[in-house]
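Me: Please choose one part of this model and take me through it closely, then follow the chain outward from there. I would like a connected account, with a word on how far the prediction can be trusted.

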Amino acid sequence: MLTRRSLLQAAAALPVAALAPAWATGDGLVRTPFGSAPELQPLRGWLDGQDRLAEGLRLQGRWPAELRGTLYRNGPGLMERAGQRYRHWFDGDGLVQAWQLGAQGFSHQARFVRTPKFVAEQEAGEFLLPAFGTAVPAKRPLRRSDDVNTANTSVMLQGGRLYALWEGGSATELDPQSLHTKGLQTWAPELQGMPFSAHPKREPDGRLWNFGSFGGKLVIYEIDAAGGLKRWKLLDMAVPAMLHDFVITERFLVFLLPPLRLDLAAVKAGRSMVGAMRWQAEQGNRVLVIDKADLSVRAQLQMPAELVFHFGNAWDDGQGVIRLDYVHGDIDEFLDGRFNSVVQGQRPSSVGESGPRLLRIDLPRQRLDLVKREETTEFPQVDPRVVARRYRYVYAPARHGRAPGWGFNAVQRLDLERGAVERFVFPSEVVIEEQLLVPKPGSRREGQGWLLGTGFDVARQRSFCTVFDAEALSAGPLATVWLPYWVPLGFHGAFVPA
Ligand SMILES: [Fe+2]
């Protein structure tokens with residue numbers, strides 16, 4: 001076990017490297033005005049850094065009477081200051097939204113997370129600190145990763161507390177009602193400033209697992225249902241430059257480690273983190289299986305190289321056979337800059353591939369089997385009642401038929417038992433975001449619930465929230481709630497019943 005001092009030194013290592021000058025490189029802030037592609041407007045972000053509130057939202061259709069609560073979402077909300085824009089979607093400052101649905105009418109609140117970075121840059125009126133995909137020269141002292149924490153990736157509710165998450169640093173606690181920022185979360189004194197990923201996994205009994213990765217090391221967290229740290233462990237092993245998500249079963253934690261290396265010389269020469277990433281395809285992906293019982297490494301297996309952002313779910317059969325699903329990403333699109341054009345409001349020359357992969361890991365036989373599906377999806381979700389358990393359905397935004405050039409125009413349910421897909425393709429041009437499965441009160445069967453998610457209507461230039469009967473997606477939304485404005489496209493969210 002490393003000492004607290006060496007932990008903190010390791011946590012501080014990456015941002016200090018980012019102190020190097022950016023002027024020498026080609027991945028600094030962009031000065032070109034934002035483009036005019038109507039489907040990309042929400043990627044412009046909100047320019048003023050001001051919070052918004054809209055009450056008495058317009059409701060279309062019949063909202064299910066039993067569906068009452070708050071849909072929290074998070075994403076990069078501010079991409080531009082003083083006429084200069086970030087290059088990469090992942091860079092923007094965290095904007096947390098709360099959609100109040102059903103209980104006291106329908107309202108929407110959006111508030112920027114007051115990270116130290118946001119507060120300083122808001123006051124200065126310009127960007128002062130390096131970002132993940134944009135090499136901004138540091139104009140403030142950089143001591144630790146939380147100095148550049150944007151809190152922009154997801155939200156977590158545990159023990160009645162709300163957190164904004166960012167994988168490179170600490171969770172940031174917010175007030176669940178007002179969304180006011182309370183401050184950085186420290187799970188234990190020796191873990192101060194340690195990364196806490198944006199993809200924690202909650203067991204049906206309320207326990208929560210998460211990880212953080214930094215400087216080639218991996219820290220594992222187990223948090224009880226009341227929100228207290230139960231166990232943690234630091235694994236001193238080679239992890240890639242970016243590790244975004246993982247998956248749990250009843251017995252194991254499973255990671256897929258893509259061969260993404262950080263070129264430290266490039267970072268020192270002033271490149272951004274993304275600009276300094278190198279893909280080493282010949283090394284393949286490592287499958288890392290950790291035993292929950294003692295948090296030891298149970299197995300490491302090899303598979304072909306593939307970029308992975310998100311998992312749906314996983315389960316094991318008690319005999320050492322694990323089944324899981326994930327979405328593969330397009331490494332070329334991620335590294336070659338095509339992804340950056342949409343953040344400048346310009347249509348990309350082509351859209352990268354992403355879609356479901358079904359992986360079977362046989363630990364006794366040390367064997368892997370991979371099934372590649374044809375659909376184009378991202379942001380997979382499952383019924384929260386089946387996390388880490390045997391499961392049948394995966395829900396996701398999808399691109400189908402004559403989709404616009406960018407984004408998702410459909411919602412789908414993949415039935416893993418039958419291999420069948422049920423979907424709804426929106427009739428007008430839309431960009432669909434993550435869709436969450438919310439169980440119906442009193443129901444027991446997997447998938448018996450609503451599919452709740454957000455999107456952007458291109459013609460109206462407004463954001464909306466739809467609810468589907470998750471067992472009848474093709475019938476279309478039961479109801480749609482409309483905002484009087486658009487919200488910057490976000491990443492992930494969570495629903496809390498009233
Ligand atoms: Fe994510």
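Reply: Helices here are DSSP runs of at least four residues in H or I, numbered from the N terminus. Helix H2 is the part I will start from, and its end is followed by Gly 125, a residue with a positive phi near 75°. Please keep in mind that this is a predicted model; the protein chain averages a pLDDT of 93, and 94% of the residues score at least 70. The exception to keep in view is residues 1-25, where the pLDDT is below 50, although this stretch has 49 contacts in the model beyond near neighbours in sequence.

Within H2, the buried residues are Lys 117, Phe 118, Ala 120 and Glu 121, a list in which charged residue types stand beside Phe and Ala. These buried residues pack against four strands, namely S3 (69-78), S4 (80-81), S6 (93-102) and S7 (105-112).

Further along, the loop that runs from helix H2 (116-124) to strand S8 (154-158) contains Ser 145. Ser 145 counts as buried because its relative accessible area is 5%, against a cut-off of under 20%. Its side chain reaches the backbone oxygen of Gly 168 at a distance of 3.3 Å.

Looking beyond this region, the largest nonpolar core comprises 61 residues, and Trp 63, Leu 101, Phe 334 and Leu 452 have the most contacts inside it. Leaving aside neighbours within four places in sequence, Leu 452 is in contact with residues including Trp 63, Leu 67, Leu 71, Leu 101, Val 467 and Phe 495. Apart from that core lies another one, of 24 residues, among them Leu 243, Phe 255, Leu 257 and Val 386.

The model also holds an iron ion, whose protein donors are the NE2 atoms of His 199, His 244, His 310 and His 492, lying 2.0 to 2.1 Å from the ion. Along the chain these donors follow the spacing H-x44-H-x65-H-x181-H. One pair links distant parts of the chain, 66 residues apart: His 244 sits in the loop between strand S15 (229-235) and strand S16 (247-248), whereas His 310 belongs to strand S22 (residues 307-316). Both His 244 and His 310 are buried. The angles among the 4 donor atoms run from 91 to 166°, and the site is irregular, though water is not among the atoms, so sites may look incomplete.

Definitions and conventions: Residues numbered from 1 in each chain as written. Predicted model: local features only at pLDDT ≥ 70, side-chain atom pairs only at ≥ 80, totals over all residues. Heavy atoms only, no water. pLDDT = per-residue confidence, 0-100. Contact = heavy atoms within 4.5 Å. Core = buried A, V, L, I, M, F, W, Y, C linked by side-chain atoms within 4.5 Å. Buried < 20%, exposed > 50% of the residue type's maximum accessible area, 1.4 Å probe, protein only. Helix = DSSP H or I, 4+ residues; strand = E, 2+ residues; numbered from the N terminus. Polar contact = N/O pair within 3.5 Å; in protein donor to acceptor, adjacent residues only side chain to side chain. Donors = N, O, S within 2.8 Å, 3.2 Å for Na, K, Ca; no water. Tetrahedral: all angles 85-135°; square planar, octahedral: opposite > 155°, others 65-115°.
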